[in-house]
Amino acid sequence: MRLFSIVPVLFLATLAGTVYAQQSLDAMIDRDIGSLVQTYKTLHAAPELSHREQKTSSFLATQLRALGYTVTEGIGKFSRPEWSGHGIVAVMKNGDGPTVLVRTDLDALPVEEKTGLPYASTLKTKNDAGLEVGVMHACGHDIHMTTLLGTAKMLSELKPQWRGTLLLIGQPAEETIDGARAMLNDDLYTKFPKPDFAVALHDSPDFAAGTIGVISGFALASSTSVDIKIRGVGGHGSRPESTKDPIVLASQVVLALQTIVSRENSPLDPAVITVGSIHGGTRYNIIPDEVNLQLTVRAYKEEVRQKLLASIERVTNGIASAAGVPADRAPIVKVSETEVTTATYNDPALTERLTAAFVKALGQENVMKASPIMGSEDFGYFSLDHKIPTTMFWLGAVDPLKLKQSKEGGPALPSLHSALFAPVPEPSLRTGVKAMTTAILELMKK
Ligand SMILES: [Zn+2]
Ligand SMILES: [Zn+2]
């Protein structure tokens, strides 16, 4: 009998503890939300392009130092020497225990903001090609940074509740998918403790503010950029018989590439081959010497990616050879070594563990099941090929009413990277800070 009476008491005590912890976390967020929204607006109005996140990273570093973290700046080695690494690493040691990495990205996009918000970005800058472009946090990395700062404050105050080493990182150049590798190439995991777990969030226009989306297993695809130069033999437009027309060849290649996914790849393995750019020729009556194509290739499994790349090369070469293009004018297929990223794979055990904690903290109705997408992220690199359990969850960022209306056939909501993308700051940040703090406390609890 005694045994039976102890169990419910213990259960009630645990439940009461959880409820109390949630209440105090909510109260702390209530206290901080005004200044977090202000920080968000400041960051939103001051976006910087990938590889140039200097002011953003030093702002973040200053804030984290003020909260008691040991911050190192200037982390990241890129393929181009003119790009400095603007990565930051903030460490808080709190006794023995697991090391947990939490990542935010820092960069914005070359998009001219059209939201009309009072805190909209009006900045212009020069891109790598020297062209003047608008700059905007059109992917919501400003939401991620503010959430990280809010979470950092919670954890600095809740130190008695957790143990281990917390590693908060600000990663540059996510949009160009070379920032995570740049940090790892700069010995991230030897200069700083190697994490036992890595967690990140990304805002989403597909979930209402106040909710999050979780997904186990593959969440985002790998992405590989490929350049194809189709070389022909140019000449007069009136004398095709004396040429090998690269425009006709390129047209055949574009169509033939579509059959790789539909005819060579298993329908059970998601894959995309998109030709996003095709350029060739100068005038009506000139058959040019070459046509250039730019492709993006998406897949989840590495073996599928390898097969797609091999097929692209085979199909392209085959079409040129069937047209009688001389061997010394064969197409050049170049797989990018820098514009490439691994798939994001959410470790199932870690995801399940955090989902249970999210349900407790946010309520079952606010934790949605997300579907995998063929978009890409470079967060997956921090897992070192799935050796470190990692997970990324979606943070709902749009007005619930507008989302409902758009799902019922109303106006479509702006997607990430749109000049009109405008997350609703307050409820998104509240949920972001609560979810991320909950995730870390779950992994590092005493
Ligand atoms: Zn983006
Ligand atoms: Zn993003």
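What follows is a short chat about the zinc site and the nonpolar cores of this predicted model.

Visitor: Which protein atoms hold the zinc ion (ligand 1)?

Guide: In this predicted model, the donors of the zinc ion (ligand 1) are Cys139 through SG, Glu175 through two OE atoms, and His417 through NE2, at 2.0 to 2.5 Å from the ion.

Visitor: And what about the geometry of that site?

Guide: The site is irregular, since the angles among its four donor atoms run from 55 to 148°.

Visitor: How far apart are the zinc ion (ligand 1) and the zinc ion (ligand 2), and which residue coordinates both?

Guide: They are 3.1 Å apart, and Cys139 coordinates both. Cys139 sits in the loop between strand S5 (132-134) and helix H3 (141-157), whereas His417, 278 residues away along the chain, is in the loop between helix H9 (400-407) and H10.

Visitor: Is Cys139 buried or exposed?

Guide: Cys139 counts as buried because its relative accessibility is 6%, under the 20% limit, while His417, at 39%, is partly exposed.

Visitor: Switching topic, which residues touch the most other members in the largest nonpolar core?

Guide: That core has 53 residues, and those with the most contacts to other members are Leu64, Tyr69, Leu166, Leu168, Ile212, Phe358 and Phe393. Helix H10 (residues 425-444) gives the most to this core, with nine residues.

Visitor: What does Phe358 touch?

Guide: Leaving aside residues up to four places away in sequence, Phe358 touches Ile212, Val214, Gly363, Val367, Phe393, Ala435, Thr438 and Ala439. Apart from the largest core lies another, of 26 residues, including Ile75, Leu167, Leu184 and Ala370.

Technical notes: Residues are numbered from 1 along each chain as its sequence is written. Chains are lettered from A and ligands numbered from 1 in the order in which they are written. This is a predicted model: local features need pLDDT of at least 70, side-chain atom pairs count only at pLDDT 80 or more; totals for chains, interfaces and linings use all residues. Side-chain values use heavy atoms; hydrogens and water are left out. A nonpolar core is a set of buried Ala, Val, Leu, Ile, Met, Phe, Trp, Tyr and Cys residues joined through side-chain atoms within 4.5 Å. Buried means under 20% relative accessible area, exposed over 50%, partly exposed in between (1.4 Å probe, protein chains only). Helices (H or I, at least four residues) and strands (E, at least two) are DSSP runs, numbered from the N terminus. Contact means heavy atoms within 4.5 Å. Donors are N, O and S atoms within 2.8 Å of the metal (3.2 Å for Na, K and Ca); water is not among the atoms, so sites may look incomplete. Four donors count as tetrahedral if all angles lie between 85 and 135 degrees; four count as square planar and six as octahedral if opposite donors are over 155 degrees apart and all others between 65 and 115; anything else is irregular.
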